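Got your viewer open? Load the model shown here and get ready to click through it with me.

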Amino acid sequence: MIAVLLVGLASGVACLAVSASGLFEPLRNRLTGRLGMLVRCPLCLGFWACGALWAVQPLPEGIVLPVAWGASWAVSTATAWLLEELHG
């Protein structure tokens, strides 16, 4: 269960950084279409980032992929939302 939490936290922080920070603004400005929309939305990006993270690491024992992916995406969404609210 800790792995699900860690994947969600990592995804939420990374996706918020990509979608909202000045560091990645040149990247966001270059991308257009659906990919451009994806990198501007931390919730959307978090869904795919969680999936990518689960693709490269083993699942926790007793948890199937859809449950791990969904739970970590929920943590990712909550993390990104909370950090956005705290930032103002």
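We'll visit one helix first, and then a group of aromatic rings.

**Stop 1: helix α1.** Keep in mind that you're looking at a predicted model. Select residues 2-20, which make up helix α1. Now try your viewer's distance tool on the C-alpha atoms at the two ends: they are 27 Å apart. That agrees with what you'd expect, because 19 residues at 1.5 Å a residue should span 27 Å.

**Stop 2: the two sides of α1.** Colour V4, V7, G8, S11, G12, C15, L16, V18 and S19; these residues of α1 are buried. Turn the view until you look straight down the axis of α1. Where do the buried residues fall? They sit within an arc of 160 degrees, so they line one face of the helix. A bit of background helps here: an α-helix has 3.6 residues a turn, so residues three or four places apart point the same way. Next, pick I2 and L6, which are exposed and lie on the face of α1 turned away from its buried side.

What covers the buried residues of α1? Show α2 (25-30), α3 (33-39), α4 (42-55) and α5 (65-87), which are all part of that cover.

**Stop 3: S11.** Zoom in on S11, which belongs to helix α1. Is S11 buried or exposed? Its relative accessible area is 2%, and buried means under 20%, so S11 counts as buried. Light up G46, A49, C50, L53 and S76 too: S11 is in contact with these residues, leaving aside its neighbours within four places in sequence. Look at G46 in particular, as its backbone oxygen lies 3.4 Å from a polar atom of the S11 side chain.

**Stop 4: the aromatic rings.** Select F47, W48, W69 and W73, which ring pairs link into a cluster. The count of aromatic pairs comes to four. Start with F47 and W48: their ring centres are 4.9 Å apart and their planes are at 85 degrees, so this pair is edge-to-face. Now swap W48 for W69. F47 and W69 form a stacked pair, with 5.0 Å from centre to centre and 25 degrees between the planes. This pair links distant parts of the chain, since F47 is in helix α4 and W69 is in helix α5, 22 residues apart.

To finish, switch on a surface and find both rings' residues. F47 is partly exposed, with a relative accessible area of 26%. W69 is partly exposed as well, at 22%.

Notes
Residues are numbered from 1 along each chain as its sequence is written. This is a predicted model: local features need pLDDT of at least 70, side-chain atom pairs count only at pLDDT 80 or more; totals for chains, interfaces and linings use all residues. Side-chain values use heavy atoms; hydrogens and water are left out. Helices (H or I, at least four residues) and strands (E, at least two) are DSSP runs, numbered from the N terminus. Buried means under 20% relative accessible area, exposed over 50%, partly exposed in between (1.4 Å probe, protein chains only). A polar contact is a pair of N or O atoms within 3.5 Å; within protein, one must be able to donate a hydrogen and the other to accept it, and residues adjacent in sequence count only if both atoms are side-chain atoms. Contact means heavy atoms within 4.5 Å. The expected span of a helix is 1.5 Å times one less than its number of residues. The arc is that of the directions from the helix axis to the C-beta atoms. Rings of Phe, Tyr and Trp (its six-membered ring) pair if their centres lie within 6.5 Å; planes under 30 degrees apart count as stacked, over 60 as edge-to-face and the rest as tilted.
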